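Reader: I would like a close look at one part of this model, the salt bridges, with some attention to how accessible their partners are. A word on the pocket would help as well.

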Amino acid sequence: MAKKFYAVWSGRETGVFYDWPTCKKHIDGYANAGYKSFKTLEEAKAAVLSMGTAPLAGAKSTQASAAKKKSSSSGPATLSADEIEALPVTTKIFTDGGCEPNPGEAGSGVAVYRDDVISELWFGLYNPEGTNNTAELSAFKQALLMAETEIRDGRSVAIFCDSKYSIQCITEWAVSWEKKGWKKKTGEIKNLSLIKEMFALHQSLMDEVQVFHVKGHAGVEGNELADRMSLLAIEAKETGFCLFREKIGVPAILAMRGG
């Protein structure tokens, strides 16, 4: 029988475990236990990382330790450029949204890396009466759609977004909102139609796509490129979502105006 590794991100003890009996001990009878088996240790580690849990049980992981320090107790893990580079996934998708002013003209951008090499840049979804949150959510939605295709083609995927609001709306808060008939005690759920659509998409992909937070303008190349694309969308007033067809010269693109 092939060896399996068990990632537990919600249980009596969290981390990666090397046998089912040990894993079972930490999840049996535990409310809202979160766990999954993987064929490789790297995939299991990445799953724990994506949920921002404690350092891995039974195996030292500087990545997980760093993510734990930088993530809030209930929010997504925040990864540095080095941690992103070390993450063992084939396709890495970076998203960003911009709005000038807020509310005002909004646009979205995406940068796609395959095997840690920039592969594609996308821009668009211009909205003359948007907000920063709608722009961020729209970029995240495009990343989920792209992830769906990447997974279908047999690639492992991670999405990196600098908006904790967007990540938590789709991966955390929407779970409770759906159970309560898409209502919350504090009033209206803004951007509800978009959130519902994205939540359904994420639910169908959540076992195969990881989502991380990155700090904006903190030296993460993919995030900076997505930022430039979001502003290009505003400048071009591009309502579709278009592939950037010019040569991808990273220094030249980074020299463009940032948000």
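Reader: Does Glu-197 count as buried, partly exposed or exposed, and at what relative accessibility?

Author: The model is a predicted one. In it, Glu-197 has a relative accessibility of 44%, so this residue counts as partly exposed. Buried would require a value under 20%, and exposed a value over 50%.

Glu-197 is one half of a salt bridge; the other half is Lys-141, and the closest N and O atoms of the pair are 2.9 Å apart. Glu-197 belongs to helix 7 (residues 192-205) and Lys-141 to helix 5 (residues 132-152), so the contact ties together parts that lie 56 residues apart in sequence. Lys-141 has a relative accessibility of 18% and therefore counts as buried. The bridge thus pairs a buried lysine with a partly exposed glutamate.

This pair belongs to a set of salt bridges whose count comes to 12. Another is formed by Arg-228 and Glu-224, again with 2.9 Å between the closest N and O atoms. Here both partners sit in helix 8, 4 residues apart, which is about one turn of the helix. Arg-228 is buried at 10% relative accessibility, and Glu-224 is buried too, with a relative accessible area of 12%.

Some salt bridges share partners, and in this way Arg-114, Glu-120, Glu-150, Asp-153 and Arg-155 are joined into one network. Within that network, the side chains of Arg-155 and Asp-153 meet at 3.7 Å, N to O. Arg-155 has a relative accessible area of 29%, so this arginine is partly exposed.

Now the pocket. The second largest pocket holds about 190 Å³ of space. Its lining draws two or more residues from each of helix 4 (81-86), strand 4 (91-100) and helix 8 (221-236). Helix 8 is also the helix that carries the bridge between Arg-228 and Glu-224. Helix 4 gives the most to the lining, with 4 residues.

By class, the lining of this pocket has 5 nonpolar, 2 polar and 5 charged residues. Among the lining residues are the charged Asp-82, Glu-85, Lys-92, Asp-116 and Glu-221. Ala-81, Ile-84, Phe-94, Tyr-113 and Val-220 also line the pocket, as do Gly-219 and Gly-222.

How values were computed:
Residues numbered from 1 in each chain as written. Predicted model: local features only at pLDDT ≥ 70, side-chain atom pairs only at ≥ 80, totals over all residues. Heavy atoms only, no water. 1 Å grid on protein atoms, 1.4 Å probe; cavity = no way out; pocket = protein on both sides within 12 Å on 5 of 7 lines; lining within 4 Å. Points joined across faces, edges and corners; volume = space filled by probe spheres on them. Salt bridge = Lys/Arg side-chain N within 4 Å of Asp/Glu carboxyl O. Buried < 20%, exposed > 50% of the residue type's maximum accessible area, 1.4 Å probe, protein only.
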